[in-house]
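Open the structure in your viewer and keep the selection tool at hand. This tour goes stop by stop: select, look, move on.

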Amino acid sequence: MDDTTGLKDSQKPAQPVALPQGDNIIAVASGKGGVGKTWLSITLAMHIARSGRRVLLFDGDIGLANIDVQLGLTPKNDLASVFAGKITLADAVMPYEGEQLDIIAGRSGSGGFGTLGGARLEDVKRQLLELSENYDLVIIDLGAGVEQHVRSLSAIAKRCLVVLTDEPTSMTDAYAFIKLSAQKQPRPEIQIVVNQAATLKEGERTYAAISKACHSFLKFIPPLAGIIRRDTKVKDAIRSQKPIIVKAPGATAAVDAAALSVKLMVKT
Amino acid sequence: MRLRTFTAPDMGRAMLMIRETLGEDAVIISTARDAGGKSVSVTAALDEEIAEENAVAASSGWHEDYDDEEPVGGIAQYLAATARAQGKAPHAAHGKGASAQPLAKDKKSSSAVLQNRDHAYFLHELEQLLHFHSVPHVLFEALMRLGRDLDIKLESSPRGVAYGLTEVLTRHFTFKPLLLDEPVNSERIMLVGPAGVGKTLAIAKICAHRIADKMPVSVLTIDNKRAGGVEQLQAFTEIMGLEVGVASGRSELRQALKESKLGVPLVIDSFGTNPYSFAELKELTDFANLNGIEPVLVLAAGMNADEAADTVRAFSFLGLKRLIVTRIDSTRRLGAILAAADAGKIALADMTVSAQVAGGLEAVNPAKLAQVLIQHKQDYQG
């Protein structure tokens, strides 16, 4: 019996308990949409899977999911069914043919995490943490924006890659995401990926700009994870609904992404 | 976070635009010069939420400082400055009770009144600042006149003072820093000045700056008469792996200039020259007037302001265009710098802010100079 409320322990509402961070979970965020976050998530997942790791790619951009679209998949089950309570998260896992890569697809137009209740979101996160034990690495492709549900999902990741381009809107949105994420405890390991850089030097300049802002205002500098150079072959690969490492493995962007995946694997 | 890119003919004006638009808390996150070198683009960021938190934290400290000043005549001086700003006689204001009268009776709109108050506050602070730095009378009047004529909106705060001072300095002085950060440049500069002003250390700092940024630099000296002149420079440059060339006469210097690499800046150390010795100045001229060399005057801060002005005038027949100021860190009153730049009508280039060879050489721009002038007064007042 509780002395102050007069309620039995079993009658008290459940207190939210912060879920732990998955050591092998990486979230890919951007703040702004359209900066190549999903493409990067797919490419990294493919590279790492091909190195012999078991990888799960989770489409966290539920309402506007497009991992399945970029890969030309028609999933039998997806997150919409999980949210509807029809299946578990494990039931939504689909293997990507020919690779050591599993995918949990979302469903575009089904309504995003934002429409879910907090309890349902927590349940999905808990299930994802459980599933992560079966993999060497889980990559969450987060939705755009800085809303609570996006940050909540990223909170179970040990590391968070923030993807940005040299566009001012991308920089400010990425900064907003970093700022809000950095307020969380424990703070995820935030790293920067500059995408669509004209040259490596330009990419370094973009990184210098965001790191100066972070240093000046937030008093920390997120390290640079990698720079992906702009490459028209990325668009070609997306149009043909094939991963770039299948469509054009020698493309500059694919090579840059490969270098980034090696860095990530060192810690995996 | 707000992010804005400003384009201006030079860095100083870009800084002013940033300060005017985003305020003091903005942070420069990138700079770029256009291909023709005719303009600069500066991108600045401001996190307003954090700036507000800082302002709240700073405001309490600010009030403590200034509340103490009011009973000691701050209001009287403030009103005197108000009167001057309005073209009225200074004696119009006496004490706190009189403070509201001239303004309250004024038929101007309240915003205009507030603007006058802000401007008067600025003039008061400017006056105090120039007095503190012992700025010579004629220059003092010229700067105050510029301050009175400022047609920009100022706020009654340290930020407003810094902004107004930056504007005054921009309008009166010219600024042309050394091209230390340009990987390829063909500046051929000879540091000249009286003995003991820090020419050799300034050259060592220039070399260290270039070497630290992996940019080439060549160094030469004509100071081979003074005992240890060459050795002192070598002691600095040897650590950096630089060889010091020595030119004993005009023809040797001419030959060294011919052999110098295009695109690599050449810095030349010279012997200390007595500004009041015609013979010494004549000897220096033989070297410094060689085609392609720009003599750059070096002066130590902390001199008597009139002496500094006389020194610049003495060296002026070399065709001086720029001034490097040393020992900013060990001097409180900087009126001599302003007097020197004003007397010679030469641009302020760089200043040394530490005795260490590595670092401490900073480009001077109006905002930077304003910051230093204000900071030194604050440091003195504790």
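**Stop 1: the second largest pocket**

Start with the lining of the second largest pocket, and colour it by residue class: you get 13 nonpolar, 14 polar and seven charged residues. Keep in mind that this is a predicted model. The pocket has a volume of about 620 Å³. Its lining counts 34 residues. Which of them lie nearest the centre? Select Gly34(A), Val35(A), Gly36(A), Lys37(A) and Thr38(A).

Now show the elements around the pocket. Helix H1 (37-50), helix H5 (148-154) and helix H8 (232-239) of chain A each supply at least two lining residues. So do strand S7 (189-197) and strand S8 (224-229) of chain A. H8(A) gives the largest share, with four residues.

**Stop 2: the second largest cavity**

Stay in chain A. Select Trp39(A), Ile42(A), Thr43(A), Gln70(A) and Leu71(A), then add Ala237(A), Ile238(A), Lys242(A), Pro243(A) and Ile244(A). These residues line the second largest cavity. H1, helix H2 (67-71) and H8 of chain A each give two or more residues to this lining. H1(A) has the largest share here, three residues. The space inside is about 50 Å³. By class, the lining holds seven nonpolar, two polar and one charged residues.

**Stop 3: Thr206(A)**

Next, select helix H7 (residues 200-218) of chain A and find Thr206(A) in it. Is Thr206(A) buried or exposed? Thr206(A) has a relative accessible area of 8%, so it counts as buried, the cut-off being under 20%. Show its contacts, leaving out residues up to four places away in sequence: Leu164(A), Thr165(A), Asp166(A), Met171(A) and Val194(A).

Zoom out to the whole of chain A. It has 10 helices and eight strands. Of its 268 residues, 53% are buried. Take the contacts in chain A between residues at least 6 apart in sequence: 77% of these join residues at least 24 apart.

**Stop 4: the sheet in chain B**

Move to chain B and show the strands. Eight of them form an open sheet, in the order S6-S5-S7-S4-S8-S9-S10-S11, with mixed pairing. Where are the edges? Select strand S6 (244-246) and strand S11 (361-363) of chain B, which each pair on one side only. Neighbouring strands of the sheet are turned by 30 degrees against each other on average, direction ignored.

Go inward to strand S8 (residues 294-300) and strand S9 (residues 322-326) of chain B. These two pair in the parallel sense over five bridges. Select Val298(B), and Ile324(B) in S9(B) stands opposite. Then add helix H12 (residues 305-315) of chain B. H12(B) lies across strand S4 (188-192) and S8 of chain B, and runs at about 165 degrees to S8(B).

**Stop 5: Leu323(B)**

Stay on strand S9 of chain B and pick Leu323(B). Its relative accessible area is 1%, so Leu323(B) is buried. Measure across to Val296(B): the C-alpha atoms are 5.8 Å apart, though the two residues are 27 apart in sequence. Leu323(B) touches Val296(B), and its other contacts include Leu297(B), Leu299(B), Ile337(B), Ala340(B) and Asp350(B).

**Stop 6: the largest cavity**

How many cavities of 30 Å³ or more does a search of the whole structure find? There are three. The largest has a volume of about 60 Å³. Select some of its lining, including Leu178(B), Asn185(B), Glu187(B), Arg210(B) and Val267(B). By class, the lining has eight nonpolar, one polar and two charged residues.

Methods:
Residues are numbered from 1 along each chain as its sequence is written. Chains are lettered from A and ligands numbered from 1 in the order in which they are written. This is a predicted model: local features need pLDDT of at least 70, side-chain atom pairs count only at pLDDT 80 or more; totals for chains, interfaces and linings use all residues. Side-chain values use heavy atoms; hydrogens and water are left out. Two strands pair if DSSP finds at least two bridges between them. Axes are lines fitted to C-alpha atoms, for helices over the stretch in contact, and angles run from 0 to 180 degrees between N-to-C directions. Contact means heavy atoms within 4.5 Å. Buried means under 20% relative accessible area, exposed over 50%, partly exposed in between (1.4 Å probe, protein chains only). On a 1 Å grid over the protein atoms alone, a cavity is a set of points where a 1.4 Å probe fits but cannot get out, and a pocket is an open set with protein on both sides within 12 Å along at least five of seven lines; lining residues have an atom within 4 Å of a point. Grid points are joined across faces, edges and corners, and a volume is the space filled by probe spheres set on the points. Ala, Val, Leu, Ile, Met, Phe, Trp, Tyr, Cys and Pro count as nonpolar, Asp, Glu, Lys and Arg as charged, and the others, Gly among them, as polar.
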